[in-house]
Amino acid sequence: MQRKKRVLVTGSSGQLGTTLQKLVQPIDKSIEFEFANSKDLDITNLEAVTEFLNKYSFDYCVNCAAYTQVDKAEEDSERALLINQQGAQNLAKACHAYNIVLIHISTDFVFDGTKNTPYLETDRPRPMGIYGHSKFKGEQEVVRNMERYFIIRTSWLYSAYGHNFFKSMLKYGMERDQLSVVFDQVGTPTSAHDLSEVILKIISEEIDAYGIYHFSNEGVASWYDFAAAIFEINHIEVDLRPIRSKDYPTPAERPSYSVLDKSKIKHVLHLRIRHWRRSLAEVSKFME
Ligand SMILES: NC(=O)c1ccc[n+]([C@@H]2O[C@H](COP(=O)([O-])OP(=O)(O)OC[C@H]3O[C@@H](n4cnc5c(N)ncnc54)[C@H](OP(=O)(O)O)[C@@H]3O)[C@@H](O)[C@H]2O)c1
């Protein structure tokens, strides 16, 4: 009998880790998953990472662990770099040593948003803030320390779990009569469920076209459009007002345009990606 594939998921109590966990439990019998949260495995501790990866003979490691607080990172750069750069380096080194494929998640925030056509994997990153900078450093560590990796850059991730824009809007929509949301930052909302399916496809089909990939849902939206769709689909009445980013100052500057080109992942995985509105309707149904 063929040995089951063994997969480690780090940062398993975050929104992507939780989404993956919910998705695999009911469906996947051919793969054995180990979900490790930050207490089970601190990715900043090289000794712990090495010991953990050696002990359980994994075939894949999906790194969902990250420092994700974009604004807080501006005053907490040491911690952001420790988790997003050093943590990625530790995982890459240990995966390389034990012949494990690393699926590392990164972000559209590695780009500065000055393009006006979708970002390609080959476009040069130029992060605007500490979070994007630390994630780009993490990517570089993976590329430098191993060969069998997938770096998947994604954008505007949301789900029924953890903290995200979708859940914040549902909450504010219930509490407030009026809301202002920026309309001059454009990207693509991405369902963590759809990203999880892509990760599982890479593992179950043993794809070996290693490298950097972009994945988001299809379509383009501003945060204002995303909020408007959340309220419409969830039948929430609120006076939603479009504002400029300059009227909603945040500690970290964000790219004004961060749409990702998905041609490469669609070609390699033979994927049909859902439009963000369709996925939003699915995730919203789940919240009822
Ligand atoms: N959220 C977005 O909009 C977005 C957009 C583009 C890309 N991404 C990327 O997508 C990935 C998943 O993001 P997410 O939204 O699921 O993030 P999340 O909800 O913030 O989850 C991150 C997880 O990482 C864990 N973690 C932090 N430090 C750790 C450490 N030293 N060792 C082990 N685990 C640690 C956290 O655990 P504790 O809670 O216990 O600290 C948390 O469970 C990240 O790489 C992120 O950069 C996210």
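## Polar contacts with the ligand

A polar contact is a pair of N or O atoms within 3.5 Å. The model shown here is predicted. In this model, a polar backbone atom of L16 sits 2.9 Å from an oxygen atom of the ligand. That distance falls within the cut-off of 3.5 Å, so the pair counts as a polar contact.

Q15 also takes part. One of its polar backbone atoms is 2.9 Å from an oxygen atom of the ligand. Y131 uses its side chain instead: a polar atom there lies 2.7 Å from a ligand oxygen. On its own, the ligand has 900 Å² of accessible area, and the protein covers 79% of that.

## The shell around the ligand

How many residues surround the ligand? The count is 24. The closest are L16, S38, T68, Y131 and K135. By class, the shell holds 11 nonpolar, 11 polar and 2 charged residues.

Three elements each supply at least two shell residues: α1 (15–27), β4 (101–107) and α4 (130–145). Which element gives the most? β4 does, with 3 residues.

## A look at D40

D40 belongs to the loop between β2 (31–36) and α2 (46–55). Is D40 buried or exposed? Its relative accessible area is 44%. Buried means under 20% and exposed means over 50%, so D40 is partly exposed.

D40 touches F35 and F52, leaving aside residues up to four places away in sequence. G11 is 29 residues from D40 along the chain, and the C-alpha atoms of the two are separated by 9.2 Å.

Notes. Residues numbered from 1 in each chain as written. Predicted model: local features only at pLDDT ≥ 70, side-chain atom pairs only at ≥ 80, totals over all residues. Heavy atoms only, no water. Near = heavy atom within 4 Å. Polar contact = N/O pair within 3.5 Å; in protein donor to acceptor, adjacent residues only side chain to side chain. Areas by Shrake-Rupley, 256 points an atom, 1.4 Å probe, with all protein chains shown as cover. Helix = DSSP H or I, 4+ residues; strand = E, 2+ residues; numbered from the N terminus. Nonpolar A, V, L, I, M, F, W, Y, C, P; charged D, E, K, R; others polar. Buried < 20%, exposed > 50% of the residue type's maximum accessible area, 1.4 Å probe, protein only. Contact = heavy atoms within 4.5 Å.
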